[in-house]
Amino acid sequence: MKRAQKNGIVDLRVHNLRDWARDKHHIVDDAPFGGGQGMVMKPEPIFAAVESLRTENSGVVLMTPQGRTLTQSLATELSKREHLIVICGHYEGVDHRVIEHLVNLEISIGDYVLTNGAIAAVVLVDAIVRLLPGVLGHQQSAADDSFSPESSGLEAPQYTRPAEFRGWKVPEVLLSGNHGEIAKWRREQAIKRTHENRPDLLD
Ligand code: J9Q
């Protein structure tokens, strides 16, 4: 991320919504109408912030557990956008008028609970920025990943030196120099691992 910014590949800015609150205490949330737990993010500071930051080409994203699940293909789509504004909400949510009239896309990073959307936004930004041309050291590495479009399941196990550690040996085939056998072994291991850890990917 730091190298990408230094090289002018991405310009990442972090803003505090409170800077757009107009009341004395810079309040950005309030109790929910109709009652209930927790606080809801008020619409005015969010609209003011986005309207001051947006350009003609901005996509406005909201991090929320109610959103569309982040996938590699969604990250790829978003990496083509010139400008993204990522709104990080409370767990309890934001006033629904923000979603109806300001947000283009609601994104969840998975089915678990975080205290706030900023943690999810860091995940989203990382997944997008690493796809930008010139960010990865080896351009190959992005295409080789488990969830890249050219890979259906998980990656095969990897080993490095030493060839024996605490009596545990690296599979013989990987030391054989037989590239055909190595490729076959890796395909088999990848399928076995996908069956064990991610059967949903084989459906
Ligand atoms: C904003 N838990 O959870 C999973 N993806 C996003 C989120 C989230 C959260 C709380 C606030 C987003």
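The exercises below work through the ligand site, the cavity, the pockets and two backbone features of this predicted model.

**Exercise 1. The contacts of the ligand**

Task: Find which residues come nearest to the ligand, and state which of their atoms lie by its nitrogen atoms.

Solution: Begin with the shell, which holds 15 residues around the ligand, those that come nearest being S108, I109, G110, L114 and G117. Next, take the contacts one residue at a time, keeping side chain and backbone apart. S108 brings a polar side-chain atom to 3.3 Å from a nitrogen atom of the ligand, whereas I109 uses a backbone N or O atom, which lies 2.8 Å from a ligand nitrogen atom. L114 likewise places a backbone N or O atom 3.0 Å from a nitrogen atom of the ligand. The cut-off for a polar contact is 3.5 Å between N or O atoms, and these distances can be read against it. Finally, turn to the surface of the ligand: taken alone, the ligand exposes 310 Å², and the protein buries 100% of that area.

**Exercise 2. The cavity that holds the ligand**

Task: Establish where the ligand sits, and describe which elements and residue classes surround it.

Solution: The first step is the location, and here the ligand takes up the space of the largest cavity. The elements that give two or more residues to the shell around the ligand are β3 (58-69) and α5 (117-129), with β3 giving the most, 3 residues. By class, this shell consists of 8 nonpolar and 7 polar residues, with no charged residue.

The second step is to consider the cavity in its own right. The count of cavities of 30 Å³ or more comes to 1, and the largest cavity holds about 150 Å³ of space. Its lining is made of 16 residues, and the closest to its centre are T64, P65, L114, G117 and A120. At least two residues of this lining come from each of β3, β5 (105-108) and α5, and β3 gives the most to it, with 3 residues. The lining of the largest cavity divides into 9 nonpolar and 7 polar residues, and no charged residue is found in it.

**Exercise 3. The two largest pockets**

Task: Describe the largest pocket and the second largest pocket by volume, by lining and by residue class.

Solution: Take the largest pocket first, in which about 1200 Å³ of space lies. Its lining comprises 36 residues, and L12, R13, L84, I85 and V86 are those nearest its centre. The elements α2 (43-53), β4 (83-88) and α5 each supply at least two residues of this lining, the largest share, 8 residues, coming from α5. Sorted by class, the lining of the largest pocket has 26 nonpolar, 5 polar and 5 charged residues.

Then treat the second largest pocket in the same manner. About 380 Å³ of space lies in it, and of the 15 residues that line it, L154, E155, A156, R186 and A190 lie nearest the centre. The lining of the second largest pocket is made up of 7 nonpolar, 5 polar and 3 charged residues.

**Exercise 4. Two backbone features**

Task: Locate the cis peptide bond between R161 and P162, and find the loop in which H26, with its positive phi, is placed.

Solution: Start with the peptide bond that joins R161 and P162, which is cis, with omega at about 5 degrees. To place this bond in the chain, note that P162 belongs to the loop between α6 (140-144) and β6 (164-165). Continue with H26, a residue other than glycine whose phi is positive, near 55 degrees. The position of H26 is in the loop between α1 (2-6) and β1 (29-30).

Notes
Residues are numbered from 1 along each chain as its sequence is written. This is a predicted model: local features need pLDDT of at least 70, side-chain atom pairs count only at pLDDT 80 or more; totals for chains, interfaces and linings use all residues. Side-chain values use heavy atoms; hydrogens and water are left out. A residue is near a molecule or strand if one of its heavy atoms lies within 4 Å of it. A polar contact is a pair of N or O atoms within 3.5 Å; within protein, one must be able to donate a hydrogen and the other to accept it, and residues adjacent in sequence count only if both atoms are side-chain atoms. Accessible areas come from the Shrake-Rupley method with a 1.4 Å probe; for residues, only the protein chains shown count as cover. On a 1 Å grid over the protein atoms alone, a cavity is a set of points where a 1.4 Å probe fits but cannot get out, and a pocket is an open set with protein on both sides within 12 Å along at least five of seven lines; lining residues have an atom within 4 Å of a point. A molecule sits in a cavity or pocket if more than half of its atoms lie within 2 Å of its grid points. Helices (H or I, at least four residues) and strands (E, at least two) are DSSP runs, numbered from the N terminus. Ala, Val, Leu, Ile, Met, Phe, Trp, Tyr, Cys and Pro count as nonpolar, Asp, Glu, Lys and Arg as charged, and the others, Gly among them, as polar. Grid points are joined across faces, edges and corners, and a volume is the space filled by probe spheres set on the points.
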